[in-house]
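Let's walk through how the helices in this one pack, then zoom out to the domains and the confidence.

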Amino acid sequence: MHISPSRPPPAVQRNEAVLSLIGNTPLVALRFEPEGVTIHAKCEFLNPSGSIKDRLAQCVILDAEARGVLGPDSIILECTSGNTGISLAMIGAALGHRVTILMSESASNERRQFIRQFGAELILFESGGSYQTGIDISLEMAAKDSRYFLPRQFENPLNAEDHVHTTGQEILRQVPHPVAAFVAGYGTGGSLAGCGKAIKAGCPDARVIAMEPDEAAMLAGEMPCCHWIEGIAGGFVPPLLRSAPLDGSIKIKSAEAMAMTHRLNRHFGLLVGTSSGANVAAAVKIAQGLPHGACVVTLLCDRADRYFSTRLFKDPAAALDSPSI
Ligand SMILES: Cc1ncc(COP(=O)(O)O)c(C=O)c1O
């Protein structure tokens, strides 16, 4: 029998090319003729894994490597409803880090497939459990095994800071006029807080407005209920939003978000998800209340390919009629 000499495992190759595709996304002007307004939309869905979360994943992983808390034996562990998991899995694949994602059983099949396709491990927890259930599981796992590194997107200040230095600065360079209003929803609140800070610093007269589902308008002091705008308003006001320079909030009904998403898909050729539709619906309303030509900016957060099995891909009329998820 031939016994091969024992060799050390091959060093994992690091392929940084994909990092060069993150950020510097275009800002497009969308003309809404019946409403008579133009919205400037930052195309975050063009990030390589298809969402704004590539920025967070890159920033947190490179920072942890630089601080020496993420080494060759570490395992990145995060509880996420989708986009952050996909982004961490993508960067883990490129930089040779193991990634474990905790997700509710109710997360769509396409999200699971993306994460597994990048080679990450997926642990599903009961769909009845809240987001906190997953966070608690991740804390328990980390307490038992020191290899786990937790990005903690909901508390990590880098989540907002990175948007101050990247997304926010890009917007300031790309807008044709000073920003009059910046409108966006919140999941962790990182993009709203970070872009909001940068925009206020560059355009002191700009108003920063939080978009939230009408069914879960927590900033408006209402009780959160079920809504269809995936990726935002997880049932609590996130800590990062406390430092956001907010001038107000606007409510968008799930059905309005869905209708605007279909409009972006079918009339603008932009294959984006429901939070993008909600952001644009809010931006249109805000722009209608401002002087003609005021520069209103929002975010197109992710690509529609992660929603194939959801109501977004139903016939538009049926999607609006069906009972809530
Ligand atoms: C689809 C989608 N839109 C918007 C957001 C909001 O981003 P943030 O976490 O920066 O508030 C997220 C966050 O995960 C998201 O997945």
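H6 and H7 sit oblique to each other, and therefore fall in neither the parallel, antiparallel nor perpendicular class (angles under 35 degrees count as roughly parallel, over 145 as roughly antiparallel, 65 to 115 as roughly perpendicular, and the rest as oblique). Helix names here are DSSP runs of H or I with at least four residues, numbered from the N terminus. This is a predicted model, where local features need pLDDT of at least 70, side-chain atom pairs count only at pLDDT 80 or more, and totals for chains, interfaces and linings use all residues. Residue numbers start from 1 along each chain as its sequence is written.

Here are the packed pairs, with axes fitted as lines to C-alpha atoms over the stretch in contact, and angles running from 0 to 180 degrees between N-to-C directions.

| Pair | Axis distance | Angle |
|---|---|---|
| H6 (residues 167-174) and H7 (residues 190-202) | within 8 Å | roughly 45° |
| H5 (residues 157-165) and H7 | within 7 Å | roughly 40° |
| H8 (residues 254-267) and H9 (residues 274-288) | 7 Å | about 100° |

H6 passes H7 in a right-handed crossing (the near helix is turned clockwise from the far one by less than a right angle; anticlockwise would be left-handed). On the H6 side, the contact uses Thr 167, Gly 168, Gln 169, Ile 171 and Leu 172, while H7 brings residues including Ser 191, Gly 194 and Cys 195. In contact means that the C-beta atoms, placed from the backbone, lie within 7 Å. By class, that H6 and H7 contact has five nonpolar, six polar and one charged residues (Ala, Val, Leu, Ile, Met, Phe, Trp, Tyr, Cys and Pro are nonpolar, Asp, Glu, Lys and Arg charged, and the others, Gly among them, polar).

H5 also packs on H7, again with a right-handed crossing, and the angle makes H5 and H7 oblique. Asn 159, Ala 160, Glu 161, Asp 162, His 163 and Val 164 of H5 meet a set of H7 residues, among them Gly 190, Ser 191 and Ala 193. That contact counts five nonpolar, five polar and three charged residues.

H8 and H9 are roughly perpendicular. Their contact includes Met 258, Met 260 and Leu 264 from H8, and Ala 278, Val 280 and Ala 281 from H9. It splits into seven nonpolar, four polar and one charged residues.

Zooming out, the domain assignment (automatic or from a database) gives domain 1 (16-51 + 164-317) and domain 2 (53-149). Their C-alpha centres are 24 Å apart, and 22 residues of domain 1 are in contact with 19 of domain 2. The domain 1 side of that interface has six nonpolar, 12 polar and four charged residues.

As for confidence, the chain's mean pLDDT is 92, with 93% of residues at 70 or more (pLDDT is the predictor's per-residue confidence, from 0 to 100). Residues 1-5 stay under 50, with zero contacts beyond four places in sequence. Where pLDDT is low, the predicted coordinates should not be read in detail.

Conventions:
Contact = placed C-beta atoms within 7 Å. Helix = DSSP H or I, 4+ residues; strand = E, 2+ residues; numbered from the N terminus.
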